[in-house]
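Me: I would like to go through this model by question and answer. Please keep each reply short and end it on the value or name asked for.

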There are 2 protein chains.
Amino acid sequence: MVNGRTPSVKDVARSAGVSLGTVSNVMNRPEVVSPTTRERVERAMAELGFVRNESARQLRAGTSRTLAYVMLDGSNPFFHDVAQGIELAAEDADLSLFICNSNGRAEREEVHLDRLMQQRVQGILITPVNPDAPHLAEISRRGIPVVIVDRVGAGGLFCSVAVDDVLGGRIAVEHLAEQGHTRVAVVGGPESIGQVRERVEGARQIWSELGLPPEDLTYLPTAGLTVAEGRSAGERLAGIPARRRPTAAFCANDLLALGLLQQSIGAGLRVPEELAIVGFDDIEFAAAAAVPLTSVRQPRQELGRAAAQLVLDEATNPEHVHQQPLFVPELVARASTVVRSRAY
Amino acid sequence: MVNGRTPSVKDVARSAGVSLGTVSNVMNRPEVVSPTTRERVERAMAELGFVRNESARQLRAGTSRTLAYVMLDGSNPFFHDVAQGIELAAEDADLSLFICNSNGRAEREEVHLDRLMQQRVQGILITPVNPDAPHLAEISRRGIPVVIVDRVGAGGLFCSVAVDDVLGGRIAVEHLAEQGHTRVAVVGGPESIGQVRERVEGARQIWSELGLPPEDLTYLPTAGLTVAEGRSAGERLAGIPARRRPTAAFCANDLLALGLLQQSIGAGLRVPEELAIVGFDDIEFAAAAAVPLTSVRQPRQELGRAAAQLVLDEATNPEHVHQQPLFVPELVARASTVVRSRAY
DNA sequence: AGGGATGTTTGAAATGTTTCATACGGCGTG
DNA sequence: CACGCCGTATGAAACATTTCAAACATCCCT
């Protein structure tokens with residue numbers, strides 16, 4: 001604090017009457033320095049208000065102490081739950097977590113990845129706009145561990161942690177069929193989003209396996225996975241004549257489902273009696289909706305935690321081999337599909 | 001890429017047949033280098049796959065290119081909207097944003113702040129557990145700009161950006177009184193949270209100014225600002241005999257309000273006829289609830305953006321003076337307080 | 001007394017940038 | 001032809017750490 005400049009190891013060394021190396025040892029290998037000098041150095045640090053300069057440390061040591069997560073959609077609580085899981089794992093490993101948000105835009109994603117490379121982060125977790133984008137492979141080739149979250153990376157190039165989205169679509173629609181529904185809407189889009197494609201695919205699979213006519217599974221495309229899009233899908237649904245209208249809807253995520261739910265109730269439809277609704281992700285607000293939402297649960301935090309562990313393994317274990325664990329989704333039935341007396 | 005090591009300016013210089021300084025100039029002052037050499041250098045960079053080492057840059061230049069936001073509660077979408085506003089401002093200034101989450105725990109907050117100091121971030125935005133904590137002042141004294149978000153910093157030590165919480169409490173309860181309610185519950189806690197104290201205070205103020213008897217304003221304390229706590233408050237509310245039970249509730253934030261709404265509807269109460277509900281923050285899920293929630297709106301993104309601008313001003317403008325702008329909250333009336341025919 | 005062995009401290013080198021004073025090379029002018 | 005000027009390019013120093021071989025001190029053992 002002497003002359004405005006923030007003190008460096010050199011200042012601490014001078015003030016404690018030891019050499020540079022000793023100060024460094026106090027910070028990094030306290031066991032090799034004698035208790036008395038260690039204490040002297042520590043006192044000097046406290047007096048001067050010394051704060052280690054992480055840039056210098058990293059430059060010399062060559063290793064950074066941060067992970068990064070690039071999430072796909074900051075307005076979807078699902079991704080924050082994933083981030084929370086990553087954060088917990090990072091905390092255990094004494095690392096910081098840098099959180100970025102691409103908002104679904106490839107060019108934002110690339111800007112963030114560029115910066116992260118410049119920072120030489122230890123590893124990158126990402127829910128990518130497009131898991132096949134060449135820059136991801138490029139980063140990995142450079143030796144920075146990359147783990148894909150909530151998607152399966154193509155060709156085994158990366159580790160990835162995901163839920164079986166096809167299976168998720170299957171169990172959602174199977175549940176609706178079990179409830180006796182024979183006309184079902186599938187709501188989601190755009191199809192450029194892999195998760196959407198697979199969930200819809202799962203719905204179609206089970207529908208045909210159940211021997212139900214394909215024309216009774218109506219696909220309602222949306223321009224995004226937001227509450228507003230859900231409402232708009234609801235309007236389109238309401239426009240279908242009642243006798244042909246689906247009696248149930250499977251939405252590709254919970255935001256859509258919440259929007260659909262709100263619009264339908266507002267339009268006077270009873271849920272689930274006139275329209276049953278299933279979402280996907282099981283975010284906290286699904287259970288908290290006024291008609292609690294049936295949803296396909298992903299283990300959100302666990303997904304993040306597992307991904308973080310993989311990235312750390314890749315960063316530290318020379319014998320690391322890429323893995324692509326698939327979690328099994330689970331249907332959580334609530335009032336939006338089950339008439340009151342039978343719920344729980 | 002030659003021998004595994006990532007290439008440095010030196011490698012680029014050698015490969016392009018120029019000196020170190022020239023390569024640096026290409027990156028930092030392209031206008032002083034002749035077009036032909038510039039192009040040669042750029043080609044070399046591309047060929048080698050050069051990525052600038054930010055640690056080294058920062059060490060030498062003394063200035064980092066990141067801001068940080070330490071948020072109070074990662075599970076509340078409100079703070080993510082604030083973060084989004086900060087991010088937009090950071091993007092304009094070509095800075096990265098480091099997002100941390102203290103989860104309301106002072107010791108986590110301190111760990112994060114420590115790390116941020118070590119990184120020598122350009123500025124810190126924070127919604128603190130306790131705005132009077134001495135370490136905040138200490139950081140500021142060291143020359144790192146600190147801006148308090150969503151609270152007013154004590155004693156004008158920092159810049160801060162907030163909404164007038166007392167006023168927010170006033171307009172919420174005034175609105176309920178206008179709707180004819182004469183028994184109102186105020187739901188929120190713990191009182192260690194400043195925002196809660198002030199919102200409750202505002203409610204009390206207007207209640208007494210309206211000449212209503214204090215015993216008809218029931219304070220229902222909660223242990224946190226979560227959906228679950230809102231449900232629990234709902235149970236306690238339902239336990240009050242109908243003729244003494246409040247006919248309206250003002251919740252200290254939207255998560256509480258959503259929980260209360262859900263519990264009440266589940267218990268068969270009609271909203272708003274039997275129980276009117278007002279929340280605070282106006283998060284996106286407030287409007288999306290099955291009974292859209294009346295809420296006191298905070299300009300969430302704007303809050304973040306303004307805070308970022310203040311921190312940047314403090315970081316770059318030597319004549320900076322601390323400011324504490326207070327935004328004016330605004331009541332957004334929806335169906336949870338206004339009977340259908342009158343809503344909008 | 002000599003010789004390890006052990007435990008602690010030292011000092012210099014190295015990390016990858018940016019900065020800045022200096023050198024260089026033409027070119028127009030006097 | 002010498003001079004000064006201007007646009008470019010150079011190279012060494014500086015930034016704050018970590019690392020590591022070497023020096024030093026102490027003690028024990030023969």
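Me: Which residues are closest to DNA strand C?
Reply: The model is predicted. In it, 27 residues surround DNA strand C. The closest are A:Gly21, B:Val9, B:Asn53, B:Ala56 and B:Arg60.

Me: Which helices of chain B each supply at least two residues of the surface near DNA strand C?
Reply: By class, that surface has 11 nonpolar, 11 polar and five charged residues. Chain A supplies at least two residues from each of α2 (20-28) and α4 (54-61). In chain B, the elements that do so are α1 (9-16), α2 (20-28) and α4 (54-61).

Me: What relation holds between chain A and chain B?
Reply: Chain B can be laid on chain A with an RMSD of 0.1 Å. The operation is a turn of 180 degrees with a shift of 0.0 Å along the axis. The relation is therefore that of a two-fold axis.

Me: In chain B, which residue has the C-alpha nearest the axis?
Reply: Superposing chain B on chain A takes a turn of 180 degrees about this axis. In chain B, the nearest C-alpha lies 2.3 Å from the axis. That C-alpha belongs to B:Ser55.

Me: How many residues of chain B are in contact with chain A, and what is their division by class?
Reply: On the side of chain B that touches chain A, α4, α5 (77-92), β2 (96-101), α6 (106-118), α11 and α12 (284-288) each supply at least two residues. The contact joins 36 residues of chain B to 36 residues of chain A. By class, the chain B side has 16 nonpolar, 13 polar and seven charged residues.

Me: What percentage of the contact residues of chain B recur in chain A?
Reply: The two chains are related by a two-fold axis. The same surface serves both copies. The share of chain B contact residues that recur in chain A is 100%.

Me: Which strands stand at the edges of the six-stranded open sheet of chain A?
Reply: The order in this sheet is β2-β1-β3-β4-β5-β11, and the pairing is parallel. Two of these strands have a single partner strand each, so one side of each is left without a neighbour in the sheet. They are β2 (96-101) and β11 (326-327) of chain A.

Me: Is strand β1 of chain A largely enclosed or left open, and which residue stands opposite A:Val70?
Reply: Six of the six residues of β1 (66-71) of chain A are buried, so this strand is largely enclosed by the rest of the structure. A:Thr66, A:Ala68 and A:Val70 lie on one side, with A:Leu67, A:Tyr69 and A:Met71 on the other. Six bridges join β1(A) to β2(A), which run parallel. Opposite A:Val70 in β2(A) stands A:Cys100.

Me: In chain B, which residue of β7 is the bridge partner of B:Val187?
Reply: The open sheet of chain B has the order β7-β6-β8-β9-β10-β12 with mixed pairing. Five bridges join β6 (184-188) of chain B to β7(B), and these strands run parallel. The partner of B:Val187 is B:Leu220.

Me: At about what angle does helix α11 of chain B run to β9(B)?
Reply: Helix α10 (227-238) of chain B lies across β6, β7 and β8 (248-251), at about 135 degrees to β7(B). Helix α11 (254-266) of chain B lies across β6, β8, β9 (276-281) and β10 (294-297). To β9(B), helix α11(B) runs at about 155 degrees.

Note on methods. Residues are numbered from 1 along each chain as its sequence is written. Chains are lettered from A and ligands numbered from 1 in the order in which they are written. This is a predicted model: local features need pLDDT of at least 70, side-chain atom pairs count only at pLDDT 80 or more; totals for chains, interfaces and linings use all residues. Two strands pair if DSSP finds at least two bridges between them. Helices (H or I, at least four residues) and strands (E, at least two) are DSSP runs, numbered from the N terminus. Two residues are in contact if their C-beta atoms, placed from the backbone, lie within 7 Å. Axes are lines fitted to C-alpha atoms, for helices over the stretch in contact, and angles run from 0 to 180 degrees between N-to-C directions. A residue is near a molecule or strand if its C-beta atom, placed from the backbone, lies within 6 Å of it. Ala, Val, Leu, Ile, Met, Phe, Trp, Tyr, Cys and Pro count as nonpolar, Asp, Glu, Lys and Arg as charged, and the others, Gly among them, as polar. Copies are superposed by least squares on the C-alpha atoms of residues with pLDDT of at least 70 in both. A residue is buried if 20 or more other C-beta atoms lie within 10 Å of its own, exposed if 12 or fewer, and partly exposed in between; C-beta atoms are placed from the backbone.
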